Amino acid sequence: MTGGSGDQVDVTPRPAHPPNPTPQLAPPPLLILRTETLAPEQTTAVGSRVGGLLASGDLVILDGPLGAGKTAFIRGLAQALDVAGPVTSPTFVIARHHRPRRAGGCGLVHVDGFRVTDISEIDQLDLDTDLAEAVIAMEWGTGLAERLTGDRLSVRIRRSLDRAASWRSIEVHGHGGRWAGVHLP
Ligand SMILES: Nc1ncnc2c1ncn2[C@@H]1O[C@H](COP(=O)(O)OP(=O)(O)OP(=O)(O)O)[C@@H](O)[C@H]1O
Ligand SMILES: [Mg+2]
């Protein structure tokens with residue numbers, strides 16, 4: 001005879017390991033730079049400072065609304081890396097390759113994910129191969145480019161209705177060990 005509810009035994013079989021182990025949480029991104037600009041040239045200059053940190057294999061993902069200044073920022077990356085060709089919005093192609101001007105230099109691949117609807121379009125670009133000898137900078141790349149490499153920079157550009165039309169805030173975060181301890185004053 002069993003007693004009250006206090007005597008009931010839970011006979012549900014328990015798996016040897018928890019069925020849903022807690023996923024390994026990635027370390028939080030670290031702030032490398034936060035600044036404001038009031039002209040496109042200033043945004044390009046900020047890009048140039050960030051570009052000074054970059055080497056082949058680095059991935060930069062840019063996020064911000066239409067006309068935020070993502071291309072202006074990448075223009076600065078191109079200056080710092082000293083690559084050939086004007087940096088313009090790659091409207092009719094998804095990716096544009098800029099070769100290094102100096103032998104042994106690092107190239108730049110400028111990718112625009114704005115019209116990308118399927119991640120297979122990114123796979124077809126073979127960006128893994130490009131990373132061996134270039135920096136990849138991708139506009140509208142959030143959700144598309146992260147899997148290329150564990151380490152990356154994310155650049156977030158914002159504008160505000162409360163501010164001058166030319167005001168932008170720029171935040172650069174580093175993700176992964178490559179960027180640990182890196183900070184721009
Ligand atoms: N502080 C600023 N920084 C950058 N661009 C600015 C700034 N103030 C005004 N602008 C203007 O904003 C526009 C930015 O254009 P840009 O092509 O760089 O933006 P984008 O984010 O790449 O846009 P899209 O999403 O269409 O690719 C340019 O017309 C530029 O002159
Ligand atoms: Mg652009």
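Visitor: As what does Trp-140 count, with 19 C-beta neighbours inside 10 Å?
Guide: In this predicted model, Trp-140 lies in the loop between β5 and β6. A residue is buried at 20 or more such neighbours and exposed at 12 or fewer. Because Trp-140 has 19 C-beta neighbours inside 10 Å, it counts as partly exposed.

Visitor: What is the approximate phi of Trp-140, which is not a glycine?
Guide: Most residues other than glycine have a negative phi. Trp-140 departs from this sign, for its phi is positive, at about 55°.

Visitor: Where is the place of Asp-126?
Guide: Asp-126, like Trp-140, is a residue other than glycine with a positive phi; for Asp-126 the value is near 55°. With 10 C-beta neighbours inside 10 Å, Asp-126 counts as exposed. Its place is in the loop between α3 (119–124) and α4 (127–131).

Visitor: How many of the twelve residues of α2 are buried?
Guide: Helix α2 comprises residues 70–81 and reaches 17 Å from its first C-alpha to its last, close to the 16 Å expected. Its buried residues include Phe-73, Ile-74, Leu-77 and Leu-81. Among the elements that cover them are α1 (40–51), β2 (59–63) and β5 (134–139). The helix is largely enclosed by the rest of the structure, because the number of its residues that are buried is ten.

Visitor: Which residue just after α2 takes a positive phi?
Guide: Helix α2 spans residues 70–81. Just after it, a positive phi of about 60° is taken by Asp-82.

Visitor: Why are the buried residues of α1 on the same side of the helix, and how wide is their arc around the axis?
Guide: The buried residues of α1 are Thr-43, Thr-44, Val-46, Gly-47, Val-50 and Gly-51. They are placed on the same side of α1 because they cover an arc around the axis of only 155°.

Visitor: Against which elements do the buried residues of α1 pack?
Guide: The end C-alpha atoms of α1 are 16 Å apart, which agrees with the span its twelve residues should have. The buried residues of this helix, among them Val-46 and Val-50, pack against β1, α2 and β7.

Visitor: Which element gives the largest share of the largest nonpolar core?
Guide: Nonpolar side chains tend to be buried together in soluble globular proteins. The largest nonpolar core here has 31 residues, and Val-60, Leu-77 and Val-155 are among those that touch the most other members. Elements that each supply at least two residues include α1, β4 and β7 (168–175). The largest share, six residues, comes from α2.

Visitor: Which residue of α2 does Val-60 touch?
Guide: Residues up to four places away in sequence are not counted here. Among the residues that Val-60 touches are Val-135, Ala-137 and Val-155. Helix α2 covers residues 70–81, and the contact of Val-60 that falls in this range is Leu-77.

Visitor: Which elements give two or more residues to the shell around ligand 1?
Guide: Of the 18 residues around ligand 1, Thr-43, Gly-69, Lys-70, Thr-71 and Ser-166 come nearest. The elements that give two or more residues to this shell are α1 and α2.

Visitor: How many residues of the shell around ligand 1 are polar?
Guide: The shell divides into three groups, with six nonpolar residues and three charged ones. The number of polar residues is nine.

Visitor: How far apart in space are Arg-34 and Pro-185?
Guide: Arg-34 lies in strand β1 (residues 30–37) and is exposed, with 12 other C-beta atoms within 10 Å. Arg-34 and Pro-185 are 151 residues apart in sequence. In space, C-alpha to C-alpha, they are apart by 8.8 Å.

Note on methods: Residues are numbered from 1 along each chain as its sequence is written. Chains are lettered from A and ligands numbered from 1 in the order in which they are written. This is a predicted model: local features need pLDDT of at least 70, side-chain atom pairs count only at pLDDT 80 or more; totals for chains, interfaces and linings use all residues. Helices (H or I, at least four residues) and strands (E, at least two) are DSSP runs, numbered from the N terminus. The expected span of a helix is 1.5 Å times one less than its number of residues. Two residues are in contact if their C-beta atoms, placed from the backbone, lie within 7 Å. A residue is near a molecule or strand if its C-beta atom, placed from the backbone, lies within 6 Å of it. Ala, Val, Leu, Ile, Met, Phe, Trp, Tyr, Cys and Pro count as nonpolar, Asp, Glu, Lys and Arg as charged, and the others, Gly among them, as polar. A nonpolar core is a set of buried Ala, Val, Leu, Ile, Met, Phe, Trp, Tyr and Cys residues joined through C-beta atoms within 7 Å. The arc is that of the directions from the helix axis to the C-beta atoms.
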